[in-house]
Amino acid sequence: MTVVPLDIRPSMGSDLSDPGFGIYVHWPFCAAKCPYCDFNSHVRHQPVDQPRFVQAFLKEMATMRRLTGSRSVTSIFMGGGTPSLMAPETVDAILNGIARHWHVPDGIEITMEANPSSVEAERFRGYRAAGVNRVSLGVQALNDRDLKFLGRLHDVADALKAIRLARDIFPRMSFDLIYARPNQTVAEWDRELKEAVSYAVDHLSLYQLTIEEGTPFYGLHKAGKLVVPDGEQSAVLYEATQEITERENMPAYEVSNHARPGAESRHNLTYWRYGDYVGIGPGAHGRLTTGGAKIATATERKPEGWLELVEAQGHGMIDQELLEREAQADELLLMGLRLKEGVDLARWQMLSGRDPDPDREQFLIEHGFIERLGNSRLRCTPAGMLILDAVVADLAC
Ligand SMILES: C[S@@+](CC[C@H](N)C(=O)[O-])C[C@H]1O[C@@H](n2cnc3c(N)ncnc32)[C@H](O)[C@@H]1O
Ligand code: SF4
């Protein structure tokens, strides 16, 4: 396996005061729908008209550019769905469009999600030539039985081939695994995760299986035909995950994301540090500062409906909500407490106009769920991460 030297600038993501400005582009199609997934992804049995989508992406970019004004981009992320179903020419046209609308400095992180079942060397080289410098592969499991259970189109051999190819072609790469699967023991996960770490370059996303409403897994779960690990077993699996990745110098920097120091995803850090990001494409969300106000944007989820809206009015936005300062403070907390670096308290106080409730804060500190980092930051402890939603709800209201 030839490993291309890593292109990690030390400053990437290390300046806590700069949340960055990201561009997210959503490709909403998949070759098949996985039974656990509630992302905005659709299967089409006719070829997708990619040039028509490109024109619509460019049009929507122009509208977003009017909202954001001229800005310098710190990261680009093409997510899905399955962006690796896009032709390299489509990716090239999208990246050129972004560079026409905003300033895109050389060498910024440009990530694309890819499925091991739709990976070919030629296409990967085409994405690289278009400017993609980081790939995030949806590996999900390293045993064929569980890949089948998860409804994936690839097997372990395909996954390993895709990892090797990604490592050869892109300066940076990450892959996703889903754990806390039915009947998964700690010993099995321990073996699988150690194997995964041995294939990893600089970044891993390790998600606990969640049962999402409206998915086939939800129906099976409700009918008692799919049993996932309970809270206690999930906590044990989570703790094993932290231990192994820390030992391997790939600690968590966010609830589910692990990186070698300096290799954190710049783009995802922008979300969690509550920076601005533009969301382009069907079902994409954005957070933008425009005319001194922060707004939340959301576009039409159905690909064909989104196309029609963009062609008629220049964008597919169906929602533009002005975020009051209190709502921004809640979002800052919700996102920031996911991070090991925690939340900037001065920023939170400026937005909310108050200090954290001293009694609630004290209670959470005494029970070992949160801690202060000096006077300026507040973060969850590992125990707090396990009950993150409850911690946020307690502090936010
Ligand atoms: C939107 S998917 C895109 C990646 C790509 N389409 C793929 O599946 O290979 C991003 C990641 O979310 C994770 N994911 C999706 N649904 C999940 C669920 N219900 N529970 C845990 N992880 C999930 C998977 O690990 C997946 O790779
Ligand atoms: S997990 Fe990925 S491949 Fe599967 S349906 Fe969701 S977006 Fe598509």
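How many salt bridges does the rule find across the interface of domain 1 and domain 2? Keep that in mind while you click around. One thing to know before we start: what you have open is a predicted model.

**Stop 1: the two domains.** Select residues 11-271 and give them a colour; that's domain 1. Now pick 341-397 in another colour, and you have domain 2. If you place a marker at the centre of each, going by C-alpha atoms, the markers sit 29 Å apart.

**Stop 2: where they meet.** Zoom in on the contact, to which domain 1 gives 6 residues and domain 2 gives 7. Together the two domains bury about 570 Å² here, and 71% of that is on carbon and sulfur atoms. Show the side of domain 1 that touches domain 2: its residues are 5 nonpolar and 1 charged, with no polar ones. Back to the opening question: the rule finds 0 salt bridges across this interface. The count of residue pairs in polar contact, both at pLDDT 80 or more, is 0 as well.

**Stop 3: Asn40.** Next, select Asn40, in the loop that runs between β1 (21-27) and α1 (50-68). Is Asn40 buried or exposed? Its relative accessible area is 5%, and the cut-off for buried is under 20%, so Asn40 counts as buried.

Now display what surrounds Asn40. Leaving out residues up to four places away in sequence, Asn40 touches His26, Pro28, Gly81, Pro282, Gly283 and Arg301. Two of these are worth a distance label. The Asn40 side chain reaches the backbone oxygen of Arg301 at 2.9 Å, and it reaches the backbone oxygen of Pro282 at 3.1 Å.

Key:
Residues numbered from 1 in each chain as written. Chains lettered and ligands numbered in written order. Predicted model: local features only at pLDDT ≥ 70, side-chain atom pairs only at ≥ 80, totals over all residues. Heavy atoms only, no water. Domains from an automatic or database assignment. Contact = heavy atoms within 4.5 Å. Buried area = accessible area lost by both parts, 1.4 Å probe. Salt bridge = Lys/Arg side-chain N within 4 Å of Asp/Glu carboxyl O. Polar contact = N/O pair within 3.5 Å; in protein donor to acceptor, adjacent residues only side chain to side chain. Nonpolar A, V, L, I, M, F, W, Y, C, P; charged D, E, K, R; others polar. Helix = DSSP H or I, 4+ residues; strand = E, 2+ residues; numbered from the N terminus. Buried < 20%, exposed > 50% of the residue type's maximum accessible area, 1.4 Å probe, protein only.
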